[in-house]
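Here's a quick look around one structure. Have it open beside you as you read.

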Amino acid sequence: MPDLSAAPRRLAVLGSPIAHSLSPALHRAAYAELGLDWHYDRAEVASGELEQFLAGTTGGTGTGDTGDRPWRGLSLTMPLKREVLPLLDTVSPLALSLGVANTVVIDDDGRRHGHNTDVDGIVRTVEAHHDARPESATILGGGATASSAMWAAWQLGARSFSVHLRNPMRAGELTSLASELGGDISIAPLTELGTLAPLDFVISTLPGGVADDLPLRPRSGSSILFDVAYEPWPTRVASTWSADGGIAFSGLDMLFEQAVSQVRLFTGRAQEERLDDEDRVRAAMRAAVGLPETGSTAATAATAASTADAAIVSAATTTSPVA
């Protein structure tokens, strides 16, 4: 593992829109706790602008003011998670299989290494609060995060996927991914959700507000809705799901967990390798975005109404999507 402790570094989250992002709060808290002189910011980078931005990112070990610091890493949100792939020097097996990278590690030679930590964000959130082993998953949306959601659902146990999106013609990547995973897949427009029986495991990757009026019903008190949106929280669809007895997870927990994996990578560790004193770093990161030190206020169940009501309104407020 390289020694990164001495030199100042520069990092950022890129995307459009990006002003809402809580990634700077999470990462700054982590690096402060780790005693690193690293500056993490945000940059508005629209579709088609990423190559030009990357041309100005160099690695190295020099020091200087913030603008002169060598780059160490980038977090990517929409619309850049697919666009970045041909601009990378290496791509992790997971990111390559998904065709989606949300993390770029920049080494001292300026080489760019792509990874996907969104899958971690979903899987660890669910596993920390629920022993879900779904046989099937309903996925809403067809963008880059939907691919990560499918892989995460497969990792949690799902072997069949029902994908609903506004334009079913855009489901090509998800169809190919399901085939690679050896799973069954059905594709339908969002308008057909009302014809479905109550559902057991749903991941919505739709932008904030799009899922609000969708007719989603939990099958039982252990049925999960994972809504990657988190502003406002609870989203209307999460409130309805919880009121009907299901469990709703917020994208804020996903954002936190995928950021932990990014911090590991940026500090020279493997994605699955824990940080030194990681519990302390996690606590600082959670506090920075208003999550409790342990557990999650974003996972709620209406079966204990008073507890759920108190929890569901306390997740930190920002805008979706996950960034």
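## A small void to start with

The second largest cavity comes in at about 40 Å³. A cavity here is a set of points on a 1 Å grid over the protein atoms alone where a 1.4 Å probe fits but cannot get out, and its volume is the space filled by probe spheres set on the points, joined across faces, edges and corners. Two cavities of 30 Å³ or more turn up by this rule.

Who lines the second largest cavity? Among the residues with an atom within 4 Å of a point are Ser-204, Pro-207, Asp-212, Asp-227 and Val-237. The lining splits into six nonpolar, four polar (Gly counts here) and two charged residues.

## Where this comes from

This is a predicted model: local features need pLDDT of at least 70 and side-chain atom pairs 80 or more, while totals for chains, interfaces and linings use all residues. Numbering runs from 1 along each chain as its sequence is written, and side-chain values use heavy atoms, without hydrogens or water.

## Helix 6

Helix 6 (residues 172-181; a DSSP run of H or I, at least four residues) buries Leu-174, Leu-177, Ala-178 and Leu-181, buried being under 20% relative accessible area with a 1.4 Å probe, protein chains only. These residues sit on the same side of helix 6, because they cover an arc of only 100° around the axis, taken from the directions from the helix axis to the C-beta atoms.

Right after helix 6, Gly-182 has a positive phi of about 75°.

## Strand 12

In strand 12 (residues 247-250; an E run of at least two), Ile-247 and Phe-249 point one way, Ala-248 and Ser-250 the other, and all are buried. Strand 12 pairs with strand 11 (residues 224-227) in the parallel sense over four bridges, where pairing takes at least two DSSP bridges. Ile-247 is the bridge partner of Ile-224.

How values were computed. Buried means under 20% relative accessible area, exposed over 50%, partly exposed in between (1.4 Å probe, protein chains only). On a 1 Å grid over the protein atoms alone, a cavity is a set of points where a 1.4 Å probe fits but cannot get out, and a pocket is an open set with protein on both sides within 12 Å along at least five of seven lines; lining residues have an atom within 4 Å of a point.
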